[in-house]
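Reader: I should like to learn how a protein structure is read, feature by feature. May we go through one together?

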Amino acid sequence: MTFGRVLFFMLLTLFLSAMPGPGLHAAQLRLECPEVIGIGLPFVVRVESDEPLDRLRVEWAGKTLTVPGAGKKAVEFLLGTDVLKSRPGSETLRILKLGLSPLAVQTSILVEQRDFPEQRLTVPTEMASPPAAVQERIARENAEIRAVLNTVSPDSHLILPLMRPVPGEVSSDYGLKRFFNDMERNPHRGLDLRAALGDPVRAAAPGQIVLAADHYYGGRSVFLDHGLGVFTVYMHLDDIKVRQGDMVEAGEILGLAGQTGRVTGPHLHLGLYVLDLAMDPAALFFAKQSQ
Ligand SMILES: [Zn+2]
């Protein structure tokens, strides 16, 4: 066979392998997610494939997330935006199917501004502006929290809807524009639920305790890792009843409600984080559950 004929057959083979054969169709990824979402709201993304999925790489808001496919043809995971860190406008969601026959799909999601009410609080001066002596402590604790919330554990334990950690009503919504003694501070990036001193605080979903600590702002706090970059955080506890490393079920007692940290009275501050973006946990409660 001459070199020219070899080249011809190689090119022909390449051409044919790029064409879908009779009775075959090119493998596809189908993506289900909202087209428009309010800022600070979490949302579920579903990816379906014609073939078993090995793993997906998800690119969203400058972050990446690897989602194991475990040989299934559909996976779901949680994403969202943050009232403080995100900006309204168009954001690209890109999904890459890794492994054999890699594929990529992408879509644009419009992040819409929402109007959040103002909350004005009068507090002791040292509470509005932490004294210089505690700045180092705050920086250290912030670094510890960022390291935890930027971890992506591969196993998803998240079960939706979330279970309410305390039966009390919402006392401060997510997103409130906050003023302490007329000075604007960061918006409220969690949900405050009414709770009396000593009320049990329960896990909103199954997961692993990855941090149980006493912080300047959050007081006694529990960080619960649900996998795939999703965390719920429980702050201002009077007492912590779990240890770092513990696996907990939804509804298991994590601690007792209190007023530790920077607060004006006993309540539970519940945080929801995905890839270190703080979003509104209220969006993931189906209904009030009696405990
Ligand atoms: Zn709060």
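The dialogue below moves from the whole chain to a sheet, a metal site and two single residues.

Author: Let us begin with the source. This is a predicted model, in which local features need pLDDT of at least 70 and side-chain atom pairs count only at pLDDT 80 or more, while totals for chains, interfaces and linings use all residues. Residues are numbered from 1 along each chain as its sequence is written, and side-chain values use heavy atoms, with hydrogens and water left out.

Reader: How many helices and strands does the chain have?

Author: Helices (H or I, at least four residues) and strands (E, at least two) are DSSP runs, numbered from the N terminus. Here the chain has 3 helices and 21 strands.

Reader: What percentage of the residues count as buried?

Author: Buried means under 20% relative accessible area, exposed over 50%, and partly exposed in between, with a 1.4 Å probe and protein chains only. Of the 291 residues of this chain, 42% count as buried.

Reader: In what order do the strands of the open sheet lie?

Author: Strands of a sheet pair through backbone hydrogen bonds, either parallel or antiparallel. Two strands are said to pair if DSSP finds at least two bridges between them. In this model, 5 strands form an open sheet in the order E2-E8-E7-E4-E5, with mixed pairing. Its edge strands are E2 (36–38) and E5, each of which pairs on one side only.

Reader: In which sense do the strands run, parallel or antiparallel?

Author: Both senses appear. E2 and E8 (residues 103–112) run parallel and are joined by 3 bridges; there, Ile37 stands opposite Val111 in E8. E4 pairs with E5 (residues 63–68) in the antiparallel sense over 6 bridges, and E4 also pairs with E7 (residues 89–98) in the antiparallel sense over 6 bridges. Leu56 thus has a partner on either side: Val67 in E5 and Lys97 in E7. In the hairpin of E4 and E5, 2 residues lie between the strands, and Ala61 takes a positive phi near 55°.

Reader: Which side chains of E4 are buried, and which are not?

Author: In a regular strand the side chains alternate between the two faces of the sheet. Along E4 (residues 55–60), Leu56, Val58 and Trp60 point to one face and are buried, whereas Arg55, Arg57 and Glu59 point to the other and are not.

Reader: Which residues are the protein donors of the zinc ion?

Author: Donors are N, O and S atoms within 2.8 Å of the metal (3.2 Å for Na, K and Ca); water is not among the atoms, so sites may look incomplete. The protein donors here are His188 (NE2), Asp192 (OD) and His269 (ND1), lying 1.9 to 2.1 Å from the zinc ion. Along the chain their spacing is H-x3-D-x76-H. His188 counts as buried because its relative accessibility is 3%, and Asp192 is buried at 5%.

Reader: Is Gln119 buried or exposed, and what does its side chain touch?

Author: Gln119, in strand E9 (residues 118–121), is buried, because its relative accessible area is 17%. Its side chain makes a polar contact with the side chain of Ser172 at 3.0 Å. A polar contact is a pair of N or O atoms within 3.5 Å; within protein, one must be able to donate a hydrogen and the other to accept it, and residues adjacent in sequence count only if both atoms are side-chain atoms.

Reader: Where is Gln259 found?

Author: Gln259 is found in the loop between strands E19 (253–257) and E20 (267–274). At 41% relative accessibility, Gln259 counts as partly exposed.
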